[in-house]
Each structure stands twice: as structure tokens, then as C-alpha cells.
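User: Please look closely at how the helices pack and where the chains touch, and state the cut-offs behind each term as you go.

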Amino acid sequence: MQSKASSFRARTFFITGAVFLGIVLLAFVMSLICSPYDPNATSAREILLPPSGAHLFGTDNFGRDVFSRILDASKYTIFISIAGVAIALFLGVLSGLPAGYFGGFPDRVIMLFNNSIMCFPGILLALVAVAVFGPSMFNVVWALGLVFAPTFARVCRAGAMELKTRDFIMHAKVMRVKPVRIMYSHILPNLMPQLLPATVIGLANMTLFESGMSYLGLGVQPPDASFGKMLADCKAYVLTAPWLVIFPSLMLIFYILGLYFLSEGIRVSYSGRSDS
Amino acid sequence: MSKAFKKAVSAILGLTLCAGMCACNQTQPGTSASGEPDASGAVEASGADADTDAVYGGEAVVGITQEPSSFDPHTAVAAGDKELIFNIYEGLYKFDSTGTLNPCLATDCEISEDSSVYTFTIREGVTFHNGDTLDADDVVYSLKRAAGLLDSQDGTALVTELDCIKDVEKSDDGKVVVTLESGNSELLSYFTTGIIPDGYDNCEAAPVGTGPFMFDSYTIGENVTLVKNPNYWQDGLPYLDTVTFKICADMDSGLLELQNGNIDIFPYLDSIRAEQLDTTQFTIESNGSNMVQIFALNNAVAPLDDARVREAINLAINREDIIEVTMGGAGVELTTAMSPAMGSYYDTSLDGTYSQNIDEAKALLAEAGYPDGFELTVTVPSNYLVHVNTAVELASELSAVGIDLEIEQVDWATWLESVYTNREYESTVICLTSDYAPYDVLQRYASDSSDNFINYSNSEVDELLAEIPTLADTEAKTELYHQILNILVEDNASCYIQDPTTLTAVSVRLTGYSVYPMYVQDMSQVKVVE
Amino acid sequence: MSLNTRQNLKYAGLKFIELIATLFVVSFLTFAAFSIIPGDTAQIMLGPNASPEQVARLRTELGLDQPLPVRYITWVAGAFTGNLGDSSSFKVPVISLIAQRLPVTLGMSILALIMVIAVSYPLSVFSARRPGRIGDTICSILGHVLFAIPPFVLSLLLIVLASGVLHIFTMGKYAPPEKGFGNYIASLALPAFAIALPKIAMTFKFMRSAIIEQNASEYVKTERSHGLSEARIFLRHVLPNSNVSSITIITLVLSDILGGSLIVEQVFNLPGLGRLLLTAIDRRDFPLMSGMIFYLALITVILYFVSDILASIADPRIRLK
Amino acid sequence: MPRHTHIVKVHHLSLAFPTRHDPNPEPVLKDIDFGIRDGEILGLIGNSGSGKTMTAMAIAGLLPEGAVITEGSIKFAGEDLTAMKPRRRRQMLGSNIGVIFQEPSTALDPLMKIGTNLDEILLTHGMKDKAERRKRVLEMLGTCGFADPEEIYSRYPHQLSGGQRQRVLIAGAALLEPRLLICDEPTSSLDTVTTIQILNLLKEICHKMHMTVLFISHDLSAVRNFCDRVMVMRGGEIVDRDTTQEMLLHPRSGYTAELLTNARLDTRMLGLERATVDYSASPVLVARDITARYDNSSSNVLKGASLEIYPREMLGLIGSSGCGKTTLVKTLLGLMPHGGSITCSDKQTGAVFQDPVSCLNPAHTIEWHLLEPLRAAGIKLTKEERRKRVASALQDVGMSPEYLSRKPRQLSGGQRQRIAIAMSLILEPSLIVADEPFSSLDSSSASEILKLLTDINRERGTSFLLITHNIHIVRQICPRVIVMDKGSVCEEGLTSEVLSDPKSDAARKLLHAESVLHGENYSE
């Protein structure tokens, strides 16, 4: 009964998330195959046109087609969030699992390091890194990856600490399975109920961070744009050309909401599974 | 830090470059048509239109987007600093809102036949903000300090252009005699540099000058407050009791504050933003800025070392569109290295040299061996939205001829270092302006000029540039300037884009504000409407 | 009892050692980061045209010619005595710049924190009492949406609404606390609200599930069997237990608020630490940058320490192992 | 107050969870009708889902949200509970009806000191005087067997052991001397020795305070010496009711009989045979003076334990909880740093652990599990050989190859234990250490596993170290037994000798608990 209700809840979350994400993914796919205009082609005679048949979402202050740019921006938004989270995940798993598994001194050293990084307000760290090493998408990605890594390290550490006392890990030790294999083949797959939602939420947070950095001019570089960058660029036109704000905002919100719902769905479906 | 830093930056700037509408480090641009002292145009005249129902008192808030970095008249290089201290310090000469150079703390200047000795008569009855009376000693001290000739200095001029001064002396009749290392007929406009009391060395913390306003306070990150100088030597000026320069995070938040009535005057808008303002609340004042926005092509890197490629780029771009996109149309198209605002020094025959012609551009590229175009990096300073936007528009336009323009944003310090000084770049977008004189507009094109960051080299231009300072006759000089401009166009030295118009929003609460064709906020004439 | 006290002290002592160790790493990371970044500080300060002698002189002046460990010790000692040297672009001590900006950021952060607690607490209690009902669902969906809007978009919307439509707020009018506390708070209220909104959503979500979880726990059943009223069970048992986990989330929120104030200050044009940092970045003012980063991290470290101690006071299981 | 023969009368009670989609669902309780006599101890027995807990909660008024009494009534001392106002109903809880729950580890508010928690009960029920409340609480703690009530008063729940916590819960439930005490599986998570203590305490308190008890359990034999009367429930219905003695000796319903056999783990019916052991052969494992401690404690858990295991032997290891059994297993398996020496003739030792839930890795398939030992041992095999080996290992534990692609959660507890055994077997070790392999299984699975282990022991000659709390099993299948107490081996010898004539206190206590719980007739 419990699991039936929770699987219904999970399905609701999945479907809502999939609808929202689907819109963004559709934009991504369209950007690859059928963008109506060149997203970076300017047109001085078509500046700030409101939405119309020719320009579905209007044009921006360069006369560029907002619809095409949104399609294009989905590419960068998705790429940055995924690449950043991948780096964070890699670093987090690499440091968190041994910390939790071995405990003791290695744990203390790794977690001291992790906690120290967490003590720097995330966006400051990313900002300074990008400011010092130059604004580029690559720098944004690794800076954000570094900032987010401790979160994943914590999840992995806590999971490894809990799982290492389980019988199946003891069994693996009795079988003389090497620690590296125990960590990455025995423990890691079992951390998915925690890691998957954390990863999906990480994607959402990464996107929010990226948009904040774009606002400060340290994100994606022109003429390319992410949703956040598009918003940051058009802040002067909030009142005069609202379509410049509305459409990228909606896409950004769809993307983030979609990710949230997806992570909720994953969480609920995992907890439902353990209930049964 | 550091006078040393200022000095270094000022050394880099040389002719000073000016960077766009939106902010900082711009220095004062070009001069009026006349390099000669205009005895008739005494500065008093400008204060004369003080009408009878003038209202005294009140305050005004000016929005600025850059943190001030120096209040020392000799080390300040950032345009944002200079536009502010224009109200505090005055030089022997001073520009007015039409760009005319007028006598100020000097009443007269005599220039020797070979242009190597300048003799100034000092105005009487002027007092400093600290109560001291201005005399020749103050002028000698200030000029020596600016030229790096004080005993305590290592000989490096604080104001680079005054490095050519050999000595400054007080003559027996109270005049100030400036001796140059060699003749230079183009130097008068540099004597606008601020005069400070003899021996005074605390301008950073407590600026003391003779200007219409006195320094009151500086709260880092918030504002600079100036108060009325009650003993100003020009009767009837200034009107306002207090002027606050409020530092805004960026143009858009400044604009919001303007609309909220928290700021009265907000300069350097683009026309798109200016049009958003309520015309019953604000008047938009405009004037040419006398700047040269350049799409600088590094002549020393392939494929830009090929003049045909540079010509192709010149033909491929659409200046009108760029002005439309970046300034909302508020700019003057340029084809050569000088703004038409320079009057007769500008050669009007060069107008319309380039009109967009994609086919011809493609043909030229093919001829140069790039039928399919090439990749090009444009390095732009990230803090100047206008230049970044220009680069975006350029990228779009150049893609039509197959040139793939990649935009690389760098911060201002990096730009100065790697682009301007070390010339490690392919192309860039920046605003250039001469300091006061047409010579400075063009001297950067000398092969050995430290400001020749585009690596332009033409022996004919070098010769012409060497000849000009030795001439005293304006017409002869003008002729040579025209020749240089023509050669630059023939060689397609770079792409010249526009002279952007300065748009300033002024609250209807105030009147008397005028936009200078240079980076200056003159608050002395501003008054509150009854 | 005395055993408990001793264990409390021991726990606090351990946490303090951890604090010191973290501070050491934080200071080391900050120092190291600014030592390895490209560019010689002296060279940057003097500009590229400076002669090698000038650079060398400045290096000596700044102590840059000392070996790294010596410089580190000097820097750390300075950091803890409030002497981080002068800002390279403002020529005033870094500490005075920070002190001057602190009222804005700190006031805004505290105000935002108060808003977060004041709104998310009652809301989560309301929602968690009847999970799945209409009120709860609306709150949860609203929370998700608020969470999904980037802070600067939210700030812009609030500005347009409050100053453009409602005329209840004057953009950029910051009133320092010495010019009247009421005005000070009023000038920071809207930006604080902009920071607080997403955090309210986050805290709400967390608190709500904490309360629901506690409500379902075994001891609640026991207390019911003892005949305790629902109100009493909630106030004396469920809420304190949920608070244990909310201490953690509120600490996270507070450190997020500190970081988030950066963007909001920029949008609202407030002279706080965030804008100071942006200025420092703009001017490559490394002493200022490193000082600010270090002090912000210091605040966070202390915050975590306080939160650990608070959590241990709230939850005996933590301190009495 | 008039004396009623029945203090509680449950009258044709039906209960269901109607929802909006399904207003008339299958009821959870169907027409339950019984009475609890004043002063008796009534046992309510049934497997999980039988409705026993729901019945008890209906009486207590602590039904979960959504539960609706569709029919019938419950009368407590003549008053109809179902018609009572919630406020009055609440007042009855604690003062007239006390409840004790199964899980003592989570049933106390972790943030509240024991004293405060108990004090709150008195306060809620109107005792205003603070000093008096304190006195009453201390008194009650004393009654519940705490030597130093003051000390306990200021302790937090996590500072107490499971047995201590259960006593605190009893103290809380009995604090106001309610007339009815409902005990919902109060001993299920405790070890045998503690169980006896708790049951004795309950009995004592009931007697002293004249309380009536409703005792819920899933283990029929566990109530034999405790309850006066027993009811058996199944599928929401009462299927059997009688006095305890009658029920145990002559179960009337087939279901009751089934429960009884399962509870007994009757090894004779399985046809178990012991392997013959040659004690002159050299042992497969010799452990001498093993000492071990955990990181965060200063005292040793193991204080010089020694043992040897011979080929083909099935060695039993018994001891009360906390005696160091599990720690010894860990050291023998090389999972813990330790002092002393362990010599093992074989590099590979197999292991089977207690918990069938966590014995397999939930993220991987059964095939992965069976291949993992081969990979770990570095044995390289062709695909075909691998397949054969895995299939035969599976067959050895009595499972078909179709399970290979399944995940652990698709298997039952017994099947999972089988896989764990297969994982050990696949490398053909000479010794398998089995740590309480049956205790978490239902009785039928447990007896099957037991049979599997003895078969392996006999057919393959594999030695076993069998750790268990079930002395009965040891008696059946282990020729030799070791008794542990406080970190060392306190008694060792042939099973028949040790169990019939225990020399050590620890062994005697274990045997006593065993006999109390499962009856004299249980032993041979």
C-alpha cells in the first residue's frame, strides 16, 4: 500500500519533471537540426522586435532571433551543468569514498580539506578563480566543479561509512577483494539512491550559479549564451522588451524545475523501493 | 599603490586611450580647433550667462560607474578620475564645453619662435581651497612635479606628455618660464594639468586646488562628495552647495536609481537606454565625444599583415549597423584615425571611403590567399559593454566573408598589459582619443611610438610626424595632418568605426549642465531650477 | 551529571581543535592560491613598464622576496591581528575597507536570516501538520518555483515591483546605521527579501520533511500512549527534534546568504562586501581579494563551529558519545 | 468501581482503511470478539500482518491515521471507548491504559533525559507538585530494577542499553498504575537472557500493581511461561484461543500447530546427521590469546580468547550478547586488528552472516555475486568454465540457474542466505564461519538452511564455526561447543557434557533462559 502510493508519487514527479526537461531537451535537439536563424547573426534593422510570425520570440538588441538563441543557449546551459557536475562528481567520489571507507587519519585529512573548501562561499571561490584565470566557459566549468565537489564528497563519505559495516562489505573483505574494488564496485553502486538525486540537484544548482556568474559577466562568453547569460544581457530591457526576459527565464525555470522534480522522483522511488 | 602604478599606466597610455561610453579609464579627449591661446575667450565669459534668477544652493548627484582611483591631478590617468577632479583642480589653461582652450590660472602665454620656451603670466587674486594665494611658486612646483623635475623625484614625468620639459623657472617679473628640450608647438593643451599649492604632496587624501568645488569626503564604494568653494575666483560660480558623485554597480542599476530620483545626472548612456527615460522627468543632453572607436588590427600578425586583408575587413563591415546596435544610432561613422570633431585637422574628403561591399571584400581575401576566410581572435576589455557589443556585431558581419571572429574577453588590467603594451593580440576593439591635440591623435602611428599598439609602420608617416612639431604655421601643419590621414586610409591601417555620441540624462530639477566633447563633468554651471 | 559536563567540554574542545585545523587549511589555501596565480603582485602594482629595480624595491617593501613559509607566517599573523596590509588600489588598510562595508552585508544577511526563519518555520509547521493537503501542496510547489528562479532575476522583479509599481522602495538608497536604525533596516529590507526568498523555499522544504519524519517516529507513538496532548508532543518533542537538523540547514543557508549577497548587492547597488570584492577583482587588487576571501571563510568557519556547538547542545547524542 | 470479570470487552470489532477511491476495502480486522479478564495476562499471537497489533492499538486508541472502526465496540471497564470524546480518551492513556512498544531503541525521545520524560507523564496527568513527581519517578525506576535510579534519571536514552531502555518504557507505562498494560512485542529485539529479565519484571509489576496485561508476540513458545491465556490471530481473525498449557500441548487449530512446530526448529524431522570428526588431525584453524578492541574504546572486547577448529568439525559457539562473539568472528576472518596469533591452514575462509537483508550487495545480480569471489581470488576462467562453476555453485545450495540474473531484493531471506553460502563455497574453503545464520529467518527457511549447512559439512567435509544463540541447534548438530563470556572462552568441551553439566556461570545462565523460554520438554 505504502509502496503503491509512493510509486504513484514518484511517477507524478517523473512525469512533471520529464515534461519540463523535455521542453529544454527539445530545444537542445532543435538547436542541432533545425534552428530557424543563425543564433549569432545580427541584424541592425530588426532590433528589439516583439514576437511575431517571423520571429517567434522576438529579436534582441542586436536584432538576433531570440527563439534561435534560446535553442542555442540550451546547448550551453546543459553542457556547463553536466560538465561541471561531472567534475564535481569525479572529485567528490574520488575523495569521499576513501575517506568514508578507510576512516581514521585519511578520513580526517580529506574531510578537513573538504570542509575547508566548503568554508569559502561557493560563488566567491568560483568568481575569483574565473576572474584570475580569465573568463571562459572552460574556467567556469572547472571552478564550479571544484566548488561543488565537497557536497558529493560528503554524500559519498557518509554512504561509505554506513555501508562498510554491512555484511556484504564484510563478506567482500573476507573474500580478499581489494579495497579499491570494494569502494568502486561494491559500495559506489549502492550510493545511487543518495548520489543520483544529489547529482540532479547539483545540475540545477550549477545552472543557478552559472547564471549568477553570467550576470556578473564571468560566465559564458559572447556571442554564445546560456539562459542565464541571455537574462544578464537583457536586464536593461525588462520593461521595454519583456520578451527578452520572459522566454529565457521560463526556459531556465523549466530546466531547474524539471531537474528538481526528477530528483524528487528518484528519491521517492528509491525510498518506496526500500519500503517494500 | 601607488603613484608608481599610476605612473606606469600613464606611461602606457601615452596618447591616452579612451574606452567607450560605459565607464572608466578614459582620459580627456581632443582639443579645440585652435592650438593657439585665445586671448579673447577669457574663461570669465563662460560664467557670464548666470541669469538673474539664478538659484544658489542645493545639491546634485552624479552617477558614475567606476570607483575613483586617484585624486592627484598629476597621477590620475583614469578618465573617471579626471572627469571628477575637473571640478577641484584647474590648470593654467582650461577647456570649455565647446572644446575651446581658454586661459585659466594663467592670463596669457607667450611661445618662443622655435616653440621651445613657453612663458605664462599668472592670474592674480586666486586662492586655493586651503586659503593660500596662488603665485608663481605654486605653478613652478606643480609643473615641476608633473614633469618629474623635483629633487625628490627620479626624473620620470608624472604627466608623460610633459616629459619634454627641461626646466620651469619663475622669472623676475613673476611670470613662469617653461623651457623644453626641443621645440614643440603642440604642447599648450597639456598645461591644463592641475596646479596645487607649493610643496603640497597630499592630494590623494586631501585634494587642494583652485576649482569651483572643494573635496569633502570619499567613501569607498559609495560616493565622493564635493562642496562649494566660496572663494572661487570666477564671480557668481558655482551655484550648487554640494555635488555628490555616486558610484553605481553598473549602468543599469544606475539607471534604476536615476528613475527613482536618487541620482540627478547620469552620463554615458546609449540611446536605447536613454529612450526608456520619462521625458517629463529628464532631459537628454548630447554631444560628440571626440573619440575614435577602432577595430584595431595588429599589422604585425598574419594574415592581418596583408593590406588587402585589412581592406577586405574594412569593406566587409557595416559601420552604420554597428552604431545602430551599439549606440542606438548615436554615433558618427569614421573611416580614418581622427574624429570630424577635430575640425579642420580632419580631412572631410575621406568621408564615405568605405561602404559595405561583401563581394569586393571576398575578392580581396581571395587575392590575398584566403578565399575561405580565416580565424581571427578579437580581444576586448570586458568592462566596456560597447566594445564587447561591437565585437559581437563584428563577428556576425565578418562571418559573411568567411572570417570566423572569436571573442575573448579580458579584464582591463590584462588588456592594458597584453594588448596595449605587449601587443600580444590579433585584433581588439577600443576607443582612442588624443589628449588635447591632433598631434597626439596621430603620433601613435610613428613606427617607434610606444603607443603604436597596432604595429603600423610607414616611413613616410614617420617623416611627416617628425616634421610637424617644428612647424609653427597651423595651415602647414593641417596639410601634413591630412596627408597622414590619407596614407592611413590607403594602407588600411585598421578599421575605424565611430565617434560615439555622449548622451547624458539630467533631471529636470537641474539646469545649466552641458556635455563636453571630452570626459569631463563640469558642475560649476549647474543649478537647481526654482 | 558531572560526567555529562565533562563530555560536553571534551566535545567543545575537540570541535575547537577542528576549528583551528580548518582555519589553518583555509588560510593556507587562500595564501597558496594567491601565491600561485599568474602575475607578480609587485609587477601588477607597478605596471609592465616599471624597471626591474623598481619592481625589486617594491618586492622588498612588500616582503615578497622572503621565502614562502616566512611570507605565509607574516600573512597569517597579520590576518589574525587585523593587519592584512594595504589594498593595492585604494591605498588604505584592507581591514578598514572590510569594516566599512560590513554593516551592509552583515545587516542584510542577518535580516535575510530572520526572514527565512520567520517565514519558513510557521509555514513548514503548517504544511507538515497536514501533508498532502491543498495548503501543503501549494506551499511546496511555490517553494520549488521560488527555488528555480535565479537570484538576480528575482531581485530585478522585486525592484520593478517595489519601486516601479508600488513605490515603496527607493533603489540604491542605502542609509548607514549611524543615521538611524529604522532607515538602515528599511533600506536593506528589499534586498534581504530577495536573498531570503529562495532560502525560505529551501528551509521550508527541509523543515517540512524533518517535521513529517519526526511525526512518524516511534517516540511520538510512545508519548501519545502516555496521554500527552498533540500540541504538547509537537512543542516538546517533535519541534526540538526537528530543530536538530534545522540547525545544520540554517547554517548552510547563512553561508549561502553571505555568498548570495554578492549578486544581490550588485543588482541593488548596495555598497557591501560583494561589490567590494568585484571592485577588487576588477582592479586585480590581490591583497584586498585575499583578505576578503579569508575573512569571509573565517566567518563561515566560525559559523560552522557555532552550529556544531549549538547542535551538540540541542542533541545530547552528538556530545555524549 | 464495580469489579467486572472482563476489564476489556471487544465486541464484534471490524476495522478497515477506507479511501476515497475504495470506500469499502477488505477489512483488516474481521469481527473480532473477545474479553480480557481482570488481572490476567492474555497472549495475542500471530505473524506480521495478522492484525494483532491493530487490535491492540484499537483498544489503546492509537490507531494509525485512516483506520476506521466499521463495526463493533470496545468497552473498557464498562465504558464504550469508541464513543468516547478524544480528550477523555487521551486522559485514559497513561492513567488507565499503558502501552509498551517493540523497539526500545527509538521509542524514547532522544533529546530528553529519562527523568524529564517520565516526569512529563505525571505532569500531563495532573500531578502538580514537582518534588512529589520526582519521588514517584525515582520510586518507579527503582521498582523497574534500576539499582541507582538517580543516575538513570539524568541519563539520555542513547546512554542506556536496549534492556535498560525497555525497562524505562515499562516504568513510563506503569507509572500511573494503569489497569491495563498493552505490551506490543516488547522482547522481540532483545537477547534471550535480557528477555527473561524483562518478562520477569513485567510479571512482578503486574502482580504488585494488579495490572491486566495484553501481551502481543509472534512467537508462540515464548509466551509459554508468561501468559495465562493465549489467542492466535491470522488474517484479521482470531483462529484459536485457550489456556497456554492447553494450547501448547493440544493445539486445536492446524495453524496453531504449524506455528508451534516452526518455532521449535525440530531438527529431528530434518534428518540431520553429524559428521565424524577426527580430533587427532591438525586443526584447520588455531587461535591463541586473541585480544581486540574498537577504536574509540579503551578496554579490550576480547581478552585472550583461544580456540581451535578441526577438519570436518561443526563447532558451536554460544554466549550472551555482548560477550564478544561477533568480535571474535571478525578477528578470525581478518576484519579487525587484533593481538595474539591466528593460524589457518587454508588461505580462504568462507563466511555467512546473520542478516539476510544486508548479506548481499543490493546493486548487483546474483551472477555478479557468485563471480566476485573468483575475481577476488584472481582465478581466470573462460566464459564457459565460469558459467559452469556458477551454475554448479547455485545447484549446490539448491537453487536453479534462473536466479542468476536476479537482484537480491527479488529473493527471499532464505534464498539470500543460500547465495551467501554459495559465494563461500565457490572457492571450496576448508572452513566456513557462520555467524547466527538463522536468527533472522522464519523458522521454515531456518531449518532448510540448517539442513544445507549440515549436508555441506558431511558431504564436503567443510569445517564450520557456528555462532548461535539457539542452544537447541547446537545440541542437535555440534559435537563440540565453546561458551564465551566477557571476551574470553569460559567453557569448552563436548556438547553433551557442557550442556548437561555446565561449569561456568555464563553457560548456566544461558541454559536457564533457554529452558524458561522454551520449556523443559524442549531439551532432551
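Analyst: **Helix packing and chain contacts**

In chain C, the axes of helix 5 (residues 94–129) and helix 8 (residues 181–215) come within 5 Å and cross at roughly 35°, the axes being lines fitted to C-alpha atoms over the stretch in contact, with angles from 0 to 180 degrees between N-to-C directions. Helices here are DSSP runs (H or I, at least four residues), as strands are (E, at least two), numbered from the N terminus. This is a predicted model, in which local features need pLDDT of at least 70 and side-chain atom pairs count only at pLDDT 80 or more, while totals for chains, interfaces and linings use all residues. Residues are numbered from 1 along each chain as its sequence is written, and chains are lettered from A and ligands numbered from 1 in the order in which they are written.

The crossing of helix 5 and helix 8 of chain C is right-handed (the near helix is turned clockwise from the far one by less than a right angle; anticlockwise would be left-handed).

Chain C also meets chain A, through 33 residues of chain C and 29 residues of chain A, where contact means C-beta atoms, placed from the backbone, within 7 Å. On the chain A side, helix 4 (122–133) gives the most, with seven residues. That helix 4 of chain A also has the lowest mean pLDDT among the elements of its chain, 77, pLDDT being the predictor's confidence in each residue, from 0 to 100. Chain A as a whole averages 86, and 96% of the residues score at least 70.

Methods. Two residues are in contact if their C-beta atoms, placed from the backbone, lie within 7 Å.
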